[in-house]
Amino acid sequence: MAIIIKSPQEIALMRQAGRIVALTLKSLIEEIRPGMKTRELDIIAAHELARQGASSSFKGYRGFPANLCVSVNDEVVHGIPGDRVLREGDIVSLDIGAIFEGFQGDAALSVGVGEIGPRAKALLAATEAALSAGIARARDGARLGDISAAIQLEAESAGCSVVREYTGHGIGRNLHEEPQIPNFGQPGQGPLLQRGMTFALEPMVNAGGWRTKLGDNKWTVLTADGSLSAHFEHTIAIADSEPEVLTSL
Ligand code: MG
């Protein structure tokens, strides 16, 4: 299957979906605090999406039961909000997708609950920097592998590892379109990037080893060695000059 090129009109709708995702994430990080149940974040997300005339990309996707993913500490991605109570020092990854006028936006970030330790802080900084490095390579005429390699280099030079089993992806009318975008790879390899391509770049970075395991609920992905994990994601468009971040806060 080919990578779908979007028209300027389609990108305009994705910009709106992306803005809804960004504003929803902003509301969530303003509300997050020790003592909160992760289910409360799901309620806020549902309310914010509805208020903006959007619906969740995730609820019901392959049977996923919530509006957003909430992954705590050694949980990598796909955490299901529920009765878990957030504690001071936890790190929480929030991943949210919105559908607006038939188009999708998808973004994630990781934040500390109250004060967090230096190792957790360094992991968050490395993961966010890895995403920025990937975005900077997302240019007309570059190769997909340039993005993957930049993400990997940034994360690994901070002494962290990138998750291999889960990847970024094309996005548009569908949440997951071609291509898959690994967070590791070789520069100069893979498909040629063109203006109008839209991608969700999403490094998942572990403080320990890269291996993961699946939790008992068959959704939540955890680090195999119990180390902390962080996740940052933006939906972007390849444009004429600078890459456009459609989900910027
Ligand atoms: Mg995604």
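**Cysteines, backbone angles and one cis bond**

Counting pairs of cysteine sulfur atoms within 2.5 Å gives zero disulfides in this structure, which is a predicted model. For orientation, a disulfide is a covalent bond that links the sulfur atoms of two cysteines. Two cysteines can still be placed by their surroundings: C69 has a relative accessible area of 5% and is buried, and C160, at 12% relative accessibility, also counts as buried. Both labels apply because buried means under 20% relative accessible area.

From these cysteines we can turn to the backbone, beginning with R62, which sits in the loop between β1 (55–56) and β2 (68–72). The phi angle of R62 is near 50°, and this is a positive value in a residue other than glycine. With a relative accessible area of 72%, R62 is exposed, because that label is given to residues over 50%.

A second residue to look at is E101, found in the loop between β4 (91–100) and β5 (103–112). Although E101 is not a glycine, its phi is positive, at about 50°. The relative accessibility of E101 is 57%, so this residue counts as exposed.

The last stop along the chain concerns a peptide bond rather than a phi angle. The bond that joins E178 and P179 is cis, with omega at about 0°. To find this place in the structure, the reader can look for strand β8, which covers residues 177–181 and contains P179.

Note on methods
Residues numbered from 1 in each chain as written. Predicted model: local features only at pLDDT ≥ 70, side-chain atom pairs only at ≥ 80, totals over all residues. Heavy atoms only, no water. Helix = DSSP H or I, 4+ residues; strand = E, 2+ residues; numbered from the N terminus. Buried < 20%, exposed > 50% of the residue type's maximum accessible area, 1.4 Å probe, protein only.
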